[in-house]
Amino acid sequence: MSNPVIRGGLRLLNAFAASGLAEEYGVEDRAKELVSRATSLGIDLMGRVGRRPRDDSKPQGPKRRFDLTPTESQDLLRSTLRRFALEVLRPEAEKADVAMRPPADVLDMAADLGLTELFVPEEYGGAAEERSPVTTALIAEALGYGDMGLGAALLAPASVAHLVLDHGDEAQKEALCARLLGDGFVPAAAALLEPRIGFDPRKPKTKAKRDGGGYRLQGEKVMVPLGETAELFVVSAQLGGDARLFVVDRGLEGVEITPQPTMGLRAANLCKVELRGVRVGKDALLGAGLEAPTDHQRVVDLGRVAWGALAVGQCEAVLDYVKEYCNDRIAFGEPISHRQAVAFLVADIAIETEAMRLLVWRAAARAERGLPMTQHAHLAAVQCARYAPKIGTDGVQLLGGAGFVREHPVERWYRHLRAMGIMEGGLSA
Amino acid sequence: MIDLEIPRKLRPLAELAAAVADGYFRPISRKYDRAEHDYPKELDMLQAAFGGLQGKEQMQGAGAGASSKREPRDESEVVNGANMSTCLGITELSRGDVGLLLTMPGQGLGNAAIAAVADEDQRRRFGGKWAAMAITEPGAGSDSAAIRTTARRDGDEWVLNGEKIYVTCGQRADLIVVWASIDPGAGRAAIKSFVVEQGTPGMEIVRLDHKMGIRASDTAVIAFTDCRIPRKNLLGSEEIASASKGFAGVMRTFDNTRPMVAAMAVGVARAALERLAELLAEAGVKPRYGGSLHSGSQLGSELVRMEAELEASRLLMLEAAWMADNRKPNSVQASMSKAKAARVGNELTLRAVELAGAAGYGEDELLEKWARDSKILDIFEGTQQIQMLIIARRILGKRSSELK
């Protein structure tokens, strides 16, 4: 890890200093001066060595710095969607939770906003300057601030677009993006999760077998958003030894869809999708025209970024809600926020939400730069899966009885946030 | 543009610090843990090595990095400056040995205070000297506004009277920055900091404390009895300004130093986690990434959870340092990073002792030492509870009289 020359030198220096020889020979000051100059030179040299051998094969991007400032367009998108989340999603969320589907007019508004277009590059008919997992994370965060269940529903088609753009061949990108950007809100969803304890999203049990010119799919997917209305699904299945993605139209024979009531995220209309020997054509395999098979780890990693970002947004909503509630609620003659037992819990929500956000952003930014990110996405998911549910719990606790009744949204958020760490797949960044 | 990677230009510095940690600190780590109160003379030479960096505005030491030389040119420019590089260096050095880092000559917290408020003359007189910080008293710890040490003006001198405890490097430092009140009736606005040269008549090192951890660092009790210092040794203004102003200035030093303590906690925790991972790997346990979050061995999963906590702390620390470098108000983030990192540092090092079993508890390994060292990081520069108060007051919009 470190420069062996400097490391060896330091060992020597240590021995020399401890021996007291420098002192004994009266050369201590001289020795110190030498050491000072040597390290000064050393750091210059290391700096230069670090800079010099430029690899010309890699494009030199903009100057890289640690930076937490969104770009201007990201900032604009974020604030617009946050308003949409607050003014549209927040008031509709309770009804949608009861109805177990997103309200049609919310979907229309999302379509008017061009939500799916935001993620699709111009060359495929969208409005994105370029694809950016960071932008996706910021948008997911903004929507999650409104309601995580509705956020998951609204991002489902965009997630299909991400998967197609990441793993499809040119013809598929054109055809499928055109479909997803059709009139109004076009429901579509990724179907990756399977009903097994310890499910590894890289190893689906759903099987794809070659069948004539196409494939035959057999298996069961669960917690698929927008299941009752989705026009198409992207399904992960085992082909040979590899996990691959297939585009499956809802109308195909053998596709069976059953609503799947869950603890939370009910507005996302989560469904079970059974594939009973469903026959698809050969171009249903994403990346059929490409040589390299799908990098399925990336599917998993970016799914974690999207879910993590939604959860971060929802946790921030909890934070803002409990702040206001605890400042307004009077007990024993003063706001309950004047008690440390209450105030410190609020502070903890703030700390952990910020930490989760930074972990999610880092994974997203690494994906954007093309850096390895599996470990980073995993750590973000682990941290979010640990603290998002805790924040849901603390939110309810801080409201006391008011947290338990449905008059306040916090009990719904408690149920939503439990999904973090369970919902592998379904979304992508 | 959002990016959370360490920029290339700061890497050589972190690598040098890592080399010092491995090649210089670790070999003498146990020696000075056992020989409490012996001065680690190896550090003199190391200080000379770091002296070679001083002019490079990259690393200013544990405390003195407080005043960043490089400021953003305009609002849109983003800087990765002295606060970040100092925090990165501290993380690496603390991974080596935080006790030794704390007793590095010239790296005292008093240097941070001097750097923050000294005038030209003071910079010249005190520059290059090692300055300790004396705030805490037997009757005033977290409540630093309640200190009772006084400074009385007498002609061209200040006369100090009082007792200070928990003075890190109090015996070894050249200078002690002492908090004292110039008017005990005037509350915290009257609290000023004074520079006292080691050996000034009337200043006496009463004793050195024996401690649970960071034993390489001396912690002194200092008594001041009619201790006379020059009038111009007062840092900042002699005026008793509005209650908030003067004291707030002193408190602002913490916005820079708290992320540094967070960096220490991250470093110690990383040392423990890395060693634990090695020991577990020998036993066939490895962390796994990319698959299910809810399968795998219990120990392997725990290792990953610990790593996630560590990274969460590290990113909070980097955020607070980045904000300081870019002149963004960061009091809340500085406290958040310190609260989280110190808490995690303590939890992780203790858990590593447990999970490593007998090896973790015995002195053959350094794990038990790190678990002792890490505790102070959740106490000094504002305890966990003080950080939580600061954060809670700020985000709930409460005054200290409301949220006590």
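Me: Which phi does B:Arg327 take just after α7(B)?

Reply: The model is predicted, so local features need pLDDT of at least 70 and side-chain atom pairs count only at pLDDT 80 or more, while totals for chains, interfaces and linings use all residues; side-chain values use heavy atoms, with hydrogens and water left out. Residues are numbered from 1 along each chain as its sequence is written, and chains are lettered from A and ligands numbered from 1 in the order in which they are written. Helices (H or I, at least four residues) and strands (E, at least two) are DSSP runs numbered from the N terminus. Just after α7(B), B:Arg327 takes a positive phi of about 55°.

Me: How far apart are the end C-alpha atoms of helix α7 of chain B?

Reply: The expected span of a helix is 1.5 Å times one less than its number of residues. For the 28 residues of α7(B), residues 298–325, that gives 40 Å. The model agrees with this expectation, since the end C-alpha atoms are separated by 41 Å.

Me: How many residues of α7(B) are buried?

Reply: A residue is buried under 20% relative accessible area, exposed over 50% and partly exposed in between (1.4 Å probe, protein chains only). Helix α7(B) is largely enclosed by the rest of the structure, because the buried residues number 24 of the 28.

Me: Which residues does B:Gln333 touch, not counting those up to four places away in sequence?

Reply: B:Gln333 lies in helix α8 of chain B, residues 331–355. Its relative accessibility is 19%, so B:Gln333 counts as buried. With contact meaning heavy atoms within 4.5 Å, B:Gln333 touches B:Glu319, B:Ala320 and B:Met323.

Me: Are α10(A) and α11(A) roughly parallel or antiparallel?

Reply: Axes are lines fitted to C-alpha atoms, for helices over the stretch in contact, with angles from 0 to 180 degrees between N-to-C directions. Those of α10(A) (residues 340–369) and α11(A) (residues 374–399) come within 9 Å and cross at roughly 155°. Angles under 35 degrees count as roughly parallel, over 145 as roughly antiparallel, 65 to 115 as roughly perpendicular and the rest as oblique. The crossing therefore makes α10(A), relative to α11(A), roughly antiparallel.

Me: At what angle do the axes of α10(A) and α11(B) cross?

Reply: Helix α11 of chain B covers residues 384–396, and its axis comes within 8 Å of that of α10(A). The two helices are roughly perpendicular, as their axes cross at roughly 85°.
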